[in-house]
Amino acid sequence: MSYTGIIFSKNGTKIMSNKAEVVEVSASILAANPCNLVEEIKAVQSAGANRLHIDIMDGHFVPNMSFGPHTINMLKRHSTLPFEVHLMVKNCDDFISMFSASADTIIIHPESTDHLHRSLSLIKGRQLRTGIALNPGAPLEFLYPVIDMVDYILIMSVNPGFGGQDFIPSSLERIEKVRNYLEQKNLSCDLAVDGGVNLQTAPRIIQAGANVLVAGSAIFKQTSYIKAIQQLQSHNL
Ligand code: DX5
Ligand code: ZN
């Protein structure tokens with residue numbers, strides 16, 4: 001993955017940018033029509049989504065519930081997109097095995113395990129990509145001791161549990177800090193942002209250094225999925 005580093009503004013002055021050359025869109029099916037999930041995931045795949053984001057909630061870690069493993073296993077038969085399973089649950093270890101047949105990446109919150117290293121090892125042991133999600137109130141330092149084991153970092157830009165919330169502006173500085181840290185360490189893991197991503201917030205999120213945009217309402221609540229996805233993917237400064 002490469003980053004533009006130095007870019008030029010319209011009047012020719014040099015400005016620094018963390019902007020990724022390729023921005024991918026992960027469609028969050030929490031915002032899809034739950035009565036029509038198969039058609040919805042097919043539609044976003046043919047509209048050009050790069051990945052599927054699947055929120056799993058247990059009613060404890062967050063005050064909401066979503067999908068179970070049976071539903072996600074069935075959906076897997078209808079899509080060739082990578083499934084990124086975001087576990088918003090207490091005791092994430094109990095859920096890793098439930099979703100390992102359908103997931104390509106399993107994303108966990110550090111607060112949902114007593115032993116973060118062990119939980120990441122569990123995911124790796126199933127030959128899946130590992131992800132860490134950081135809530136708006138979580139210290140970025142959670143990442144540092146385990147960074148070598150992580151393929152995917154998810155900066156939460158809302159408090160998790162619900163779609164359709166407003167982007168928390170202080171997330172931008174957190175994205176920038178993580179991107180700089182990854183650059184310093186020469187690490188190429190994905191840096192994704194989840195919550196309130198739309199055409200207004202996306203340019204600043206990309207400028208801050210994210211290379212994956214997780215979007216629910218900004219895709220599934222729009223009339224044209226193709227237009228919504230293409231606009232997010234091609235967002236320029
Ligand atoms: C929030 C979830 C998100 C959610 C984003 O807890 O983790 O994935 O679907 O929804 P939007 O894009 O509508 O903010
Ligand atoms: Zn999510």
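Biologist: What makes β4 (51-57) and β5 (83-88) worth naming alongside ligand 1?
Modeller: Each of them supplies at least two residues of the shell around ligand 1. Strands are DSSP runs of E with at least two residues, numbered from the N terminus. This is a predicted model, where local features need pLDDT of at least 70 and side-chain atom pairs pLDDT 80 or more, while totals for chains, interfaces and linings use all residues. Residues count from 1 along each chain as its sequence is written, chains are lettered from A and ligands numbered from 1 in the order written, and side-chain values use heavy atoms, leaving out hydrogens and water.

Biologist: Which residues come nearest to ligand 1?
Modeller: S28, D55, G161, D194 and S217, out of 18 around ligand 1; a residue is near if one of its heavy atoms lies within 4 Å.

Biologist: Why is the pair between S217 and ligand 1 called a polar contact?
Modeller: The cut-off is 3.5 Å between N or O atoms, and a side-chain N or O atom of S217 is 2.4 Å from a ligand 1 oxygen, so the pair qualifies. D194 offers a polar side-chain atom 2.7 Å from an oxygen of ligand 1. The protein buries 99% of the 380 Å² that ligand 1 exposes alone, by Shrake-Rupley with a 1.4 Å probe.

Biologist: How do you know whether the chain agrees with a compact globule?
Modeller: The rule is 2.2 Å times the number of residues to the power 0.38, over C-alpha atoms. For 237 residues that is near 18 Å, and the chain has 17 Å, so the two agree.

Technical notes: A polar contact is a pair of N or O atoms within 3.5 Å; within protein, one must be able to donate a hydrogen and the other to accept it, and residues adjacent in sequence count only if both atoms are side-chain atoms. Helices (H or I, at least four residues) and strands (E, at least two) are DSSP runs, numbered from the N terminus.
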